[in-house]
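Take a walk through this model from its overall build down to single side chains. Keep the sequence and the 3D view side by side.

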Amino acid sequence: MTTKEKILQSSLKLFARDGYEAVSVSQIAAELGITKGALYRHYDSKRHIFDSILERMEQRDAQQATAHGLDDGLVNGASLHDLIEFSRAMFEYWTEDEFAADFRRMITLEQYRSPEMNCLYQQYLASGPLRYVQDLFTAGGMDAQTAAIKAADFYGPMFLFYSCYDGAENDARKQEVKKAFMQHLERMRNII
């Protein structure tokens, strides 16, 4: 791993643990055992590091969609089965992929401190995905009001399961939470 990559990874870990605003460039450098000058050779500011993290997340998000055949959008002919499979993959991505999980924790932590972070939180984890599911149901023939209710029933519990997963005291408990989420998805298959 290059120094630049180590800076990016360590910064995100610190941002996820302490919050973006609370972390200084000095702390990032100290975490890596390098000088601020060495850090500045790769990133000219803490904001530059953050922008690089955000760019990486946008790329990874696009890769997730492509990997699941959703690069043209879920609404374009996708079935409930496609939505369930994508939701399974996204739960694993947001909880088990270290970079994505740290990004999720950072924007969750910072959403109340910064309008920009709140927008990112909404885009990645809240109203953005909820609207996406609602649009899928509407495109499938549901009226707007029913689609809104079904989308909330389907997507809303993800927050609970993310929180339970993060709070699980060991890997066995994390797997129980994951299993419970998968069971929720299967129940939705029979309800929607």
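**An all-helix model**

The protein has 11 helices and zero strands. Here helices are DSSP runs of H or I with at least four residues, strands are E runs of at least two, and both are numbered from the N terminus. From the N terminus, the order reads α-α-α-α-α-α-α-α-α-α-α.

This is a predicted model; local features need pLDDT of at least 70, side-chain atom pairs count only at pLDDT 80 or more, and totals for chains, interfaces and linings use all residues. Residues are numbered from 1 along each chain as its sequence is written, and side-chain values use heavy atoms, with hydrogens and water left out.

Start with the overall dimensions. Along the principal axes, the C-alpha atoms fill a box of roughly 60 × 35 × 30 Å. The accessible surface comes to about 9900 Å². Carbon and sulfur atoms account for 50% of that surface. These areas come from the Shrake-Rupley method with a 1.4 Å probe, and for residues only the protein chains shown count as cover.

Of the 192 residues, 41% count as buried. Buried means under 20% relative accessible area, exposed means over 50%, and partly exposed lies in between (1.4 Å probe, protein chains only). Contacts (heavy atoms within 4.5 Å) also reach along the chain. Among those between residues at least 6 apart in sequence, 64% join residues at least 24 apart.

Charges come next. Lys and Arg count as positive, Asp and Glu as negative, while His and the chain ends are not counted. Each charge is placed at NZ of Lys, CZ of Arg, CG of Asp or CD of Glu. The mean positions of the 22 positive and 28 negative charges are 5 Å apart.

Now look at helix α1, residues 3-18. Its 16 residues reach 22 Å from first C-alpha to last, close to the 22 Å expected at 1.5 Å a residue. The expected span is 1.5 Å times one less than the number of residues. Buried residues of α1 include Ile7, Leu8, Leu12, Leu14 and Phe15. Glu5 is also among the buried residues of this helix. The buried residues of α1 pack against α2 (25-32), α3 (36-40), α4 (46-67) and α6. Just after α1, Gly19 takes a positive phi of about 100°.

Move on to α6. This helix has 13 residues and reaches 18 Å, close to the 18 Å expected at 1.5 Å a residue. Asp97 caps its N-terminal end, with a side-chain oxygen 3.2 Å from the backbone nitrogen of Phe99. Among the buried residues of α6 are Phe99, Ala100, Phe103, Arg104 and Ile107. Their cover includes α1, α4, α5 (80-96), α7 (115-125) and α10 (157-167).

Zoom in on Ala100, which is found in α6 (residues 98-110). Why does Ala100 count as buried? Ala100 counts as buried because its relative accessible area is 0%. Leaving out residues up to four places away in sequence, Ala100 touches Met57, Arg60, Tyr93 and Trp94. Met57 lies 43 residues away along the chain, yet its C-alpha is 7.3 Å from that of Ala100.

Follow one of these contacts to Arg60, in helix α4. Arg60 counts as buried because its relative accessibility is 18%. With the same sequence exclusion, Arg60 touches Tyr93, Asp97, Phe99 and Ala100.

Ala62 is found in α4 as well. Ala62 counts as partly exposed, because its relative accessibility is 42%. The C-alpha atoms of Ala62 and Ser163 are 24 Å apart, with their positions 101 residues apart along the chain.

Terms used:
A polar contact is a pair of N or O atoms within 3.5 Å; within protein, one must be able to donate a hydrogen and the other to accept it, and residues adjacent in sequence count only if both atoms are side-chain atoms.
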